[in-house]
Each structure stands twice: as C-alpha cells, then as structure tokens.
Amino acid sequence: MATLFIQTQKEKNDITLHTIYGVALGPGDPELLTLKALRILKEADLIFYPGSIQQGVQKSYVYPILEHHGLLHKELKGFFLEMTADRIQATETYDTVAQNISTAYRAGKKIAIVCEGDLSLYASFSYILARLNTLQLPVTLIPGITSFSLGAAQHQIPLSVLDDKIAIIPRVQTIAEIEHYFTNFDTLILMKIRSGWNQLKTQLVTKDWHFYYCEKLGTSAAHVTTDIHTIVEKEIPYFSLLIIKKENKTIQ
C-alpha cells in the first residue's frame with residue numbers, strides 16, 4: 001500500500017500544465033479563423049464556448065463554427081448568458097466558468113475558450129480573462145476578425161483613408177449623440193444598435209449621411225444594405241451593426 005501511495009503522488013506531481021488559450025472565432029463565417037486559432041482548437045482537450053439565453057432557450061452563435069471544423073468530439077462546455085442589462089447572472093456565470101477552467105488546468109487539460117468576433121472587443125472572454133489573471137493562470141490570446149472588418153469588406157468600403165478618424169460606439173440612443181461624435185470623427189461604427197433603434201430610425205432617414213448596415217455577417221442569414229429606408233421597420237437582431245460616414249471620399 002505504501003508503494004502504491006508513492007506512485008500515486010508521483011503521478012500527480014508529473015501532471016503537465018498547459019497554457020490556456022483564448023481563441024477568437026471571427027464574425028460567423030467558419031472559414032474566417034486564423035490558421036493558429038484552428039490549430040489550437042484541434043489540439044485542445046476542452047473547449048469552453050459562449051451562448052445566450054432568450055426566453056428560456058439556450059443558443060450559441062459559435063457552436064456551428066465548432067461543428068463545421070469537426071470539433072464536436074472534443075469535451076465542450078457551454079456557458080450561457082441571459083440577454084439582460086442585469087449583470088448578476090453574468091457575474092455568477094463568469095465566476096463559475098473561471099473556477100471550472102482552473103480545475104481543468106490543474107488536471108493537465110489543454111484548454112481553449114472561444115468567442116465571437118475578436119477577444120478584445122465587447123467579448124465575454126474579457127470578463128473570464130480578468131478572473132483567470134486573478135487566479136494567476138497562464139493565458140495566451142489568439143485575436144480574430146471583427147464584425148465591422150467583415151462588414152466593410154462586404155460593402156467594399158474603406159473604414160478609413162489618410163487621416164480619417166474612426167469611433168466605435170455601442171448602444172447609441174439619440175441622433176444628438178451621433179452628431180456629437182461626427183464633430184471629431186469621420187466614420188462611426190455603431191455596435192449593439194438594437195437597444196436604441198426605435199429612438200433613432202425615423203431621424204436617420206432624414207440625414208444626408210452614408211449608411212452601411214450589416215447583420216448576422218458570415219452566416220447564411222447575413223444581410224447588408226446601403227438603403228437606410230429598407231431597415232427602418234425591420235426587427236434588428238443582436239448581431240447587427242451600422243457603419244456611417246459623413247461623406248464618401250474619392251480615392252486616387
């Protein structure tokens with residue numbers, strides 16, 4: 001029994017600990033991952049992925065991407081956030097996920113945490129990262145393509161040229177706020193536009209601005225348009241954005 005005890009302790013001490021990876025999956029197109037991101041996912045033992053809870057139903061925007069790349073045989077753990085401004089449930093979820101990651105890390109598992117778009121832009125991963133840093137766990141981040149980068153590509157427009165200034169603004173509620181930003185910026189990228197859409201839509205159509213609307217980019221349900229009138233009465237999904245320019249510049 002004594003010999004068995006010594007061997008067991010040695011096995012525990014010999015566990016190899018691996019760097020934890022945060023992996024951005026891009027805006028939705030399964031092919032818009034970096035080569036490095038895909039390699040890390042294929043090497044992982046355990047993948048944590050985000051999702052939402054809407055009317056009691058769990059959904060994940062990134063799950064189809066994992067499925068596309070044949071990763072469903074991996075150990076997958078989803079964490080789902082309620083679509084509400086109340087942060088209590090989100091905070092509890094992030095705490096639980098961080099603790100689960102810590103346990104899996106100390107067990108020697110190769111761990112990846114994925115997110116939509118890029119890791120550093122309105123990503124649930126940022127809240128998990130803060131907790132992993134507090135736990136002093138080693139983390140490496142693999143960045144990804146943002147939704148507005150794909151949106152600009154779909155519309156075939158530059159986000160900026162020469163000395164153009166860009167502002168990224170979430171949850172705009174009034175036209176006055178947009179006009180304020182246009183005093184200092186040439187291009188505005190409005191994220192999370194659904195929350196203020198009812199207040200904005202009737203006034204947007206009166207403006208002599210250039211609009212580039214995008215929703216559900218990278219998926220089969222993607223929709224882009226430059227005609228602001230066609231989306232005034234449209235139900236705006238969560239995964240949508242609006243790029244606005246004061247003027248179109250001739251590029252030579």
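A residue counts as buried when its relative accessible area is under 20%, as exposed when that area is over 50%, and as partly exposed in between. These legends describe a predicted model.

**View 1. The whole chain is set out in helices and strands.** Buried residues make up 42% of the 252 residues in the chain. The chain holds 8 helices and 11 strands. Its C-alpha atoms fill a box of roughly 85 × 45 × 35 Å along the principal axes. Take the contacts between residues at least 6 apart in sequence: 71% of them join residues at least 24 apart.

**View 2. Five strands form an open sheet.** In what order do the 5 strands lie? The order is β7-β8-β11-β9-β10, and the pairing is mixed. At the edges are β7 (166–170) and β10 (223–225), each of which pairs on one side only. Neighbouring strands of the sheet are turned by 15° against each other on average, direction ignored.

**View 3. Strands β8 and β11 are joined by bridges.** β8 covers residues 187–191, and β11 covers residues 240–245. These two strands run antiparallel, with 5 bridges between them. One residue to look for is Thr187, whose bridge partner in β11 is Lys245.

**View 4. Helix α6 packs on the sheet.** Helix α6 takes in residues 147–155. Which strands does helix α6 touch? They are β7, β8, β9 (210–215), β10 and β11. The direction of α6 makes about 60° with that of β11.

**View 5. Ser160 sits in the loop between α6 and β7.** With a relative accessible area of 37%, Ser160 is partly exposed. Set aside its neighbours within four places in sequence, and Ser160 is in contact with Ile166 and Lys245. Lys245 also appears in View 3, as the bridge partner of Thr187. Leu66 is another matter: Ser160 and Leu66 are 94 residues apart in sequence, and their C-alpha atoms are 33 Å apart in space.

**View 6. Thr226 lies in the loop between β10 and β11.** Which residues does Thr226 touch, not counting those up to four places away in sequence? They are His155, Phe211 and Tyr212. Thr226 and His155 are 71 residues apart along the chain, yet 8.3 Å separates their C-alpha atoms. His155 belongs to the range of helix α6, residues 147–155. Phe211 and Tyr212 fall in the range of β9, residues 210–215.

**View 7. Two cysteines stay unbonded.** A disulfide is a covalent bond between the sulfur atoms of two cysteines. How many disulfides does the structure hold? The count is 0. Why is Cys115 not bonded to Cys214? The sulfur of Cys214 is the closest cysteine sulfur to that of Cys115, but at 19 Å it is too far for a bond. The cut-off for a disulfide is a pair of cysteine sulfur atoms within 2.5 Å. Cys214 is likewise in no disulfide. Are these cysteines buried or exposed? Cys115 counts as buried, at 1% relative accessibility. Cys214 is buried too, with a relative accessible area of 1%.

**View 8. The largest pocket draws its lining from several elements.** This pocket holds about 1500 Å³ of space. It is lined by 49 residues. Which of them are closest to its centre? Met83, Glu116, Lys192, Tyr238 and Phe239 are. At least two lining residues come from each of β2 (46–54), β4 (75–82), α4 (88–106), α5 (125–134), β9 and β11. β2 gives the most, with 4 residues.

**View 9. Tyr122 and Gln136 both have a positive phi.** Tyr122 is not a glycine, yet its phi is about 50°. Find Tyr122 in the loop between β5 (111–115) and α5. Tyr122 counts as partly exposed, at 38% relative accessibility. Now turn to Gln136, in the loop between α5 and β6 (139–142). The phi of Gln136 is near 60°, again a positive value in a residue other than glycine. Is Gln136 buried or exposed? Gln136 is exposed, with a relative accessible area of 71%.

Key: Residues numbered from 1 in each chain as written. Predicted model: local features only at pLDDT ≥ 70, side-chain atom pairs only at ≥ 80, totals over all residues. Heavy atoms only, no water. Buried < 20%, exposed > 50% of the residue type's maximum accessible area, 1.4 Å probe, protein only. Pairing = 2+ DSSP bridges. Axes fitted to C-alpha atoms, helices over the stretch in contact; angles between N-to-C directions. Contact = heavy atoms within 4.5 Å. 1 Å grid on protein atoms, 1.4 Å probe; cavity = no way out; pocket = protein on both sides within 12 Å on 5 of 7 lines; lining within 4 Å. Points joined across faces, edges and corners; volume = space filled by probe spheres on them.
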